[in-house]
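Here is a short note for someone opening this structure for the first time. Please keep the view beside the text and take the points in turn.

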Amino acid sequence: MALLEVRDLSVVFSRKGQSPFSAVDGVSFSVQPGQTVGLVGESGCGKSVTSLAIMGLLPRRSARVGGSVAFEGTELFSLSDKEMRDRRGKDLGMVFQDPLSSLNPVVPIGLQVTEVLERHRGMARKQARAEATELLNKVGIPDPTRRLSEYPHQLSGGMRQRALIAIALACRPRLLIADEPTTALDVTIQAQILSLLKELVAGTETALIMITHDLGVVAGLCDEVNVLYGGRIVERAERHELFAAPRHPYTHGLLDSIPRLDAARGEKLSPIRGSVADNIPWDGGCAFAPRCPNALRTCVEVTPELEWHEGRLLRCHNPVQPAALGVGSKEAR
Amino acid sequence: MASKLMQRRRDRIDELAAGADEGVSLAKDAMRRMARNPVAITGASIIAVFAVLAVLSPVLAPKDPFIRYNELTDRLRPDAIPGPMPGFLLGSDQNGYDFFSRLLVGAQQTLIVGVMATLIGVSIGIVLGGLAGAIGGWVDTLLMRFTDIMLSFPSLLLAISIAALFARTSQWTVIIAVAMVAVPIFARLLRGSMLAQRHSDHVLAATALGVHRRTIVFRHMLPNALGPVIVQATLTLATAIIDAAALSFLGLGDPDPVRAEWGLMLANAQDYLEVKPELAFYPAIAIIVVALGFTLLGESLREALDPKTRR
C-alpha cells in the first residue's frame, strides 16, 4: 500500500465578488514509503497549494478542496480538526521556504524544538531538551546546547533551515513535505541542505515530497518527478527518463532554459515564451498551447488528457520526439 | 612588522567575532538602542525623577500638606495670598496649606491615577483585542463594532459621560473613566497585530507541526503582537495623566478639596488667578512635564522596537 495516495485533488479559491479561481485541478500521485517524489513547476502552477492541501492548512473559508488524500489508507479530509492536528508534525512533517519567517522571532530555538516533542511524544521538558540537543546535532548545527537558547535572528540562514528541518523531523514523521526548502538560501548552503535532506531520509522509511522550481534539486534528489503546469500534472516520469528525454514541451522548455557551463560563448539563453496566465483555461484546449512551440490546431480545440505514453504519464497532443532533442547527449545528465 | 600588523588584524577580528556572538533578544536589543538615544534618556530621567518624588513625597515634603498653618491663614486676605516665606518654600495656597508640600504629594496622586488607569485600560484592551484576534468570526465583528462605537466619541466627552454614571465621584471614578477611554484603543491595536500574526509564516509553520491552538495563540501570536501595545501604553500614560487632570478640573474627581491632586489644584486656583497665578502655573507645568516625559519615552520605545529603523 502506498504511504500517501492523492486522488483527483482540486483546490478552488473563491471570494465574494470574485470569480472562483482554480489553483489545482485533478492532481493524482502516490508516494511509497522511503520514496522521494518531486513536484516541479514555475511560480503559480499549484505546487505549494497542493502541499498545503495535503497538510490541511488551506483556509477553510476561501478554499474549496476536492478529491481525496489517503495517508496509510486513512482519508485525511474526513478527519476532524483535532485528529488532523494530532497527525500534523507527528505523521506529516513540513519544511517551509523561508526559514527566518517560519521561526517565531521571540521564542528561543530550543523551545520551538521541544514544543513539538512535548506535544507529540509526551516528553518532559528536560528530556525534550536533551532530545533537542541531539536533533540539532544530527542536522549539523555546531554547539547545539548554546544554540538552543538563541533566537532565530542570531542564526545564519543555513542554520535556521537546519533548525527547521530538525523541528520537522523531531517526531520522525513518515512523510516529509519540503516546500522549496532551498529557495531562500545561497547556492553553497543549498547544496548542504539538500545533501542533509537526502542523508536524513536515506535508509529510513521516511518519504519525501520535494516541491521546487529548481530542476537541479530534482535531478539530485527525486526518484519520481511530477511536472505541474496550470494546476495539472503534465508529465510524470522516473528521474533519469525525464532528464534524458523530456517529452512534454513544457518540461523540455524548462530543461532547455537552464544556463549551462558548456554553452558556446555568446550563445543566448532559451526561455519559454510568455508567462503563466492567472487563471489558466484548461477547458477547450491545452493551457500551455499559447506558449508552446509544438502547438497544433487540436491543441487549442481539445483538452489533452494525462495518458500513458512509453512508460510515462504525459498530457500532450504533440510531444517532443526524443530525436528532436538535437545534440542528444546534451540533455542527458 | 608584517606579523605585527597581522596580529593586530587577527585581534580585531576576534574582537568583532566575540561581540557578534553575544546573545541579544528583541527586548535586549531595544533596551540597548534606547540607552543610546538622548530622547529616551531625557524621557526616562523625567519619569525617574517624577517616580522618586511620588514615592518619597510624604518624606520629602517639608510641611504636612494636609494641615492649615496659622502662619499662613493669618495672612490670607481676599486680595492677597502669602508668597514664599521662611519654612514655606512657595508660600500658601488659597486655603492656608503649604503649597510646595501639596505639589510634591500631588505627584503621588497623579502617578497612582495615571498608572492604574493605564493598567486597567491595557488589561481589558488586551483581553478584548486578544479574543477578537485569536477567535475571529462573529466574536471579532461584535467586539470591533463595539470599539468602533467607543472610538466614535471624543475621548474627553466619553470620559465625562462614564464619570457622570457614578452616583458619588471619587478618585476611582477618574481612574475608571480614563481607563475605559483607553480600552478600545488597545483592543483595536492588539487585534490588528494579532491578525497580522495569524497570517505569518511562523504561525503557519507551528500549525503544520500540530501545535495546540492555545499554544499558538499564547506562545506564537501574543508575544509577537504585544510590541505596539507596550509602546501605546507608555504614550497612554501621558494622556491618562492629562485626562485625569481634566476630569478633576471639571469637578468629576474626588470632591474632597483637601486632597492634593494637580488637576484639582488647577481647578481650585481658577478664582485666584489674579491674586496668585503661581497656584495654577506650577501644577500645570508639572502635568505638562510629566506627560512630556512619558511621551518622549513612548516615542523612543516605538522607534527602538520598529524593525524599519534598525541599523
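1. A term first: two strands count as paired if DSSP finds at least two bridges between them. With that, take the hairpin of chain A. Strand 4 and strand 5 of chain A form it, with two residues between them. In the turn, A:Glu72 has a positive phi of about 50 degrees. Bear in mind throughout that this is a predicted model.

2. How many bridges join the two hairpin strands? Strand 4 (residues 63–71) of chain A and strand 5 of chain A pair over two bridges, in the antiparallel sense. A:Phe71 stands opposite A:Thr74 in strand 5. A:Ala70 has A:Glu75 as its bridge partner in strand 5.

3. The hairpin belongs to an open sheet of four strands in chain A, with the order 2-1-4-5. The pairing in this sheet is antiparallel. Strand 2 (21–31) and strand 5 (74–75) of chain A are the edge strands, each pairing on one side only. Strand 1 of chain A runs antiparallel to strand 4 of chain A, and eight bridges join them. There A:Val6 has A:Val69 in strand 4 as its bridge partner.

4. What lies across these strands? Helix 1 (residues 47–55) of chain A lies across strand 1 (4–13), strand 2 and strand 4 of chain A. The helix runs at about 110 degrees to strand 1 of chain A.

5. Chain A has another open sheet, this one of eight strands. Its order is 6-7-8-3-9-10-12-11, and its pairing is mixed. The edge strands, each pairing on one side only, are strand 6 (92–95) and strand 11 (307–309) of chain A. From one strand to the next, the twist of this sheet averages 25 degrees.

6. For a parallel pair in the eight-stranded sheet, see strand 7 (residues 175–179) and strand 8 (residues 207–212) of chain A, which pair over five bridges. A:Asp179 stands opposite A:Ile211 in strand 8 of chain A. Helix 6 (residues 157–169) of chain A packs on the sheet and touches strand 6 and strand 7 of chain A. The direction of helix 6 makes about 170 degrees with that of strand 6 of chain A.

7. Now the interface. How many residues does each chain bring to the contact? Chain A gives 31 residues and chain B gives 23 residues. The area buried between chain A and chain B is about 2100 Å². Carbon and sulfur atoms give 56% of that area. On the chain A side, A:Arg85, A:Val106 and A:Glu115 supply 24% of the area that chain A buries against chain B, more than any other three residues.

8. Turn to the helices of chain B. Helix 3 (residues 38–60) and helix 5 (residues 99–135) of chain B have axes that come within 7 Å and cross at roughly 125 degrees. The two helices are therefore oblique to each other. Their crossing is left-handed. From helix 3 of chain B, residues including B:Phe50, B:Leu53 and B:Pro58 take part; from helix 5 of chain B, the partners include B:Leu104, B:Gln108 and B:Leu111. By class, the residues of this contact divide into 10 nonpolar, three polar and no charged.

9. Helix 9 (residues 201–208) and helix 10 (residues 213–225) of chain B pack at an angle of about 175 degrees, their axes 11 Å apart. Angles over 145 degrees count as roughly antiparallel, so helix 9 and helix 10 of chain B are roughly antiparallel to each other. B:His202, B:Val203, B:Ala206 and B:Thr207 in helix 9 meet B:Ile216, B:His220, B:Met221 and B:Asn224 in helix 10 of chain B. This contact has four nonpolar, four polar and no charged residues.

10. Last, helix 11 (residues 227–249) and helix 12 (residues 262–269) of chain B. Their axes come within 7 Å and cross at roughly 40 degrees. That makes helix 11 of chain B oblique to helix 12 of chain B. The crossing is right-handed. Which residues of helix 11 of chain B meet helix 12 of chain B? They are B:Ala245, B:Ser248 and B:Phe249, and they meet B:Gly263, B:Leu264, B:Leu266 and B:Ala267. Five nonpolar, two polar and no charged residues make up this contact.

Terms used. Residues numbered from 1 in each chain as written. Chains lettered and ligands numbered in written order. Predicted model: local features only at pLDDT ≥ 70, side-chain atom pairs only at ≥ 80, totals over all residues. Heavy atoms only, no water. Axes fitted to C-alpha atoms, helices over the stretch in contact; angles between N-to-C directions. Parallel < 35°, antiparallel > 145°, perpendicular 65-115°, else oblique. Left-handed = near helix turned anticlockwise from the far one by under 90°. Contact = heavy atoms within 4.5 Å. Nonpolar A, V, L, I, M, F, W, Y, C, P; charged D, E, K, R; others polar. Buried area = accessible area lost by both parts, 1.4 Å probe.
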